[in-house]
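Hi everyone, thanks for making time for this. I'd like to walk you through one structure, starting with a few backbone details and then stepping back to the whole chain. Let's put it on the screen.

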Amino acid sequence: MSAMGTLPASLGPVTELVGRELEAAMLRERLRDPLVRLVTVTGRAGVGKSRLALEVMREIGGEFGRVQVLDAAAPDTYRALAALTEPDDPAAPAAQAERAAPAGQASQAGHAAPAGPGSPAAWAGESGRFLLLLDGCDHEARAGAAAALEALSGDPRVVVLATAVEPLGVYGELLLPLAPLPVPGPVRGPAGAAAAADPQELLEVASVALFVRRARAADPSFALTLENAAAVAEVCTLLDGLPLAVELAALRLRLLPPHLLPVRLRDRTTVLSGGPASAPERHRSLAALAEWSCRGLDAPARALLDRLAVYEPGFGLAAAGLSAEPAVDTLMDRGLLVVVGEEQGELRLAVSEPVRSHARDALARAGGEDAARDAHAERYRTLVGSAQAGLGGTGQDHLLRELAAEGANVAAALRRLRERGEVEAAAALVLGCRLPWLAQGRLREGLEWCDECDGADGAALPEAVRARLADMSGVFALALGDPQEAVRRHRRALALGKGVGDRRQNALVSAHLGAALLEAGDPPGARAVLVTALSALESMGVTGGAAGAAASLAGVLRAEGDRRRARELLERAVEALRRIRDGRALAGALRTEAALALDGDEPALADRALRESLRLYGAVGERTELPGLLEEFALLLMRTAPAQRPRTVRLLAAADALRGETGAAVADEWRSAAERARTDLSARLDWTDFAVAWAEGVRMTAPQAVAEALSAPAPARRAATGPAPEDQSLTPRQVQVALLVSEGMTNRQIAARLDISEWTVVNHVRQVMRRLGCSSRVQVAGAVGRWS
């Protein structure tokens, strides 16, 4: 035998590895290390441990005197391993080699027995090292494999590569954990709408790349296109990126078109089958894979697995009541319970697919699924209910983030309550989700749940509950950008609440109505409602509600041009919100404070207010209000730091994409300002620089966008007197107003001509004067005259 040895052809055909470049490099490095005796590739069933091990052996096997592959579950394997531990005996007969790899074993593993003495020294040849792959050291084979490897560990000439679901616990064992392949993230796009999945970008995701390659093996005409990319991405996500599952799903394209495949898999992934007949039985279907994965679990671990199977991925240990469960470690060691993230220092967990589907099937057959889902619903109803006291103040940031992380399970609990006909319990859970859903940007979902609870089953609810649902639906309608609909819903809530006699609730509804009236273009109506609501809430000592009403009233006064009273009122609101530590409401009040500062040409003050608002929104994981705040900050940055134009583009793009996730509409006037800013930036930047910055912004997550904004330099000093060049351009509507002012029209005449409210004209005139550096309507007319 040559010094480098010969790799047996019986290792089988070359298998293409997808997305395993890093793991393969790490494994090669460890096996080449002269001090390494045992490396165990661990990971859940179907993740590709054996495939990785075989391909790495193929690549570096020639560097060893001899390689051998043994199946740990085969009956004769341990006789072969025992032969390796016998001392060298030059006179040993050739039969010893047969004992090292008997015929039955050679047939199963696909390798001929080596000629010559069976000791490691003889097998290693001139290279001095013998590489052994012991595949599948699980279940019944685990104890024997561990014992044999303990015996082999004393011989420096033997290098063992093992594969197992969990570590073998042998002294000196080095682990190489193998995780499923990465799956696509959420797809977002500009212009406030979800974009189609980009096939080229998706192909860079390993699970998608594997799916496409296996799909082409089943159907050579298959290609990833704009039409099927989203479906393929969803399939890979549903299957957790588990390679075996992805490959079996790709084979299904022989029977189903891509868009129907995720529909088939949403409820149960265990429907997938069709693996090669030559593969082990557990690799021929996901049902068999899941059954094999659960084999040998003790009673406590199996009971816990069944209970957790009804949980949606992403649950926390505390939420699932797992803080004192010793069986958690057992499930995690076996890869049946996996970590899918972390939130505020707590692990987020999931029962891995296809085990979750398999366990739910078993629960359903045993008649236990309903009871498990009922217990799950009760746990999350309790979780949301217990959070209410802290959501409006101390602990708000922690609670909002926890409820966001548990969002899928809260929704599942809500669906279960509706299935059981528990109308009032479902309505109470919906009402408890008002602030969490607002912060998470789940606006359309929140509106639909309010309508569903108050719809066909509304008659079964108390009037007070229906009034609160109508009020909550108005809040979501306003957040979605429909103030007229919000006004209608809030008025209905007031009508329902009249017979209840709950002064506190009616005053809160009035405050919400006032905010909607302001956005709907009716400041006088908003002022009348808000003044009454503020007085009532203050008299009852409802600090948070009164502060919110005061902040809304300050917005009305600002719109009417009374900056002094607006600032006084806002200062009271900010002080109260700081005292009760309602971070989300405080951030909203600070945005109004920033707008007032800009009205008074105080960009440094506006910058400080917006930065604090960004930090507060970041702390609570805000999604609904964050896009607007990012745009406000970006526009201020354009004014105070022209050199930051690429950053400004990124912030505008991030705001656009993040708003698209919520489905919220934008007021025409604000949309015009953002579009004008984009046009200006694209004109001032090289097109490539603009496009790159925009693409970077679209890909930002909310925390990344907040960090991007906060890393911008603050204004070093007060801006020079007079408007900056960026402020001298007017929106199309402001140009119209300026032209009509130059014709000598009054505000009322301009309002009638443009079919807008008079207060809107007042605001436009004020903005025109500030942007053009004018102090009177006469000066505006003179400036317009110079345009020609």
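Take a look at the loop between α10 (229-238) and α11 (243-251), because that is where D240 sits. Before going on, please keep in mind that this is a predicted model. What is the phi of D240? It is positive, about 60°, although D240 is not a glycine. For context, most residues other than glycine have a negative phi. As for its surroundings, D240 counts as partly exposed because its relative accessibility is 27%, and partly exposed runs from 20% to 50%.

Now scroll along to the loop between α29 (583-599) and α30 (603-620), where you'll find D601. Its phi is near 60°, again a positive value in a residue other than glycine. The relative accessible area of D601 is 21%, so D601 is partly exposed.

One more backbone stop. Which peptide bond should we check for cis geometry? The one from E353 to P354, which is cis with omega near 5°. Most peptide bonds, by contrast, are trans. You can find P354 in the loop that links β8 (346-351) to α16 (355-366).

Next, a helix pair. Please highlight α17, residues 369-391, and α18, residues 396-405. Their axes lie 9 Å apart, and the packing angle is about 150°. Since angles over 145 degrees count that way, α17 is therefore roughly antiparallel to α18. The crossing of α17 past α18 is left-handed.

So who makes the contact? On the α17 side we have L383, V384, A387, G390 and L391. On the α18 side, the partners are Q396, L399, L400, E402 and L403. Sorting the residues of this contact by character gives 7 nonpolar, 2 polar and 1 charged.

Finally, let's zoom out. How many helices and strands does the protein chain have? There are 39 helices and 8 strands. The chain runs to 788 residues, and 52% of them count as buried. For those of you who like contact maps: among contacts between residues at least 6 apart in sequence, 71% join residues at least 24 apart. The accessible surface of the protein chain comes to about 33700 Å², with 53% of that belonging to carbon and sulfur atoms.

That's my tour. Thanks for listening, and I'm happy to rotate the view to any of these spots.

Key:
Residues numbered from 1 in each chain as written. Predicted model: local features only at pLDDT ≥ 70, side-chain atom pairs only at ≥ 80, totals over all residues. Heavy atoms only, no water. Axes fitted to C-alpha atoms, helices over the stretch in contact; angles between N-to-C directions. Helix = DSSP H or I, 4+ residues; strand = E, 2+ residues; numbered from the N terminus. Parallel < 35°, antiparallel > 145°, perpendicular 65-115°, else oblique. Left-handed = near helix turned anticlockwise from the far one by under 90°. Contact = heavy atoms within 4.5 Å. Nonpolar A, V, L, I, M, F, W, Y, C, P; charged D, E, K, R; others polar. Buried < 20%, exposed > 50% of the residue type's maximum accessible area, 1.4 Å probe, protein only. Areas by Shrake-Rupley, 256 points an atom, 1.4 Å probe, with all protein chains shown as cover.
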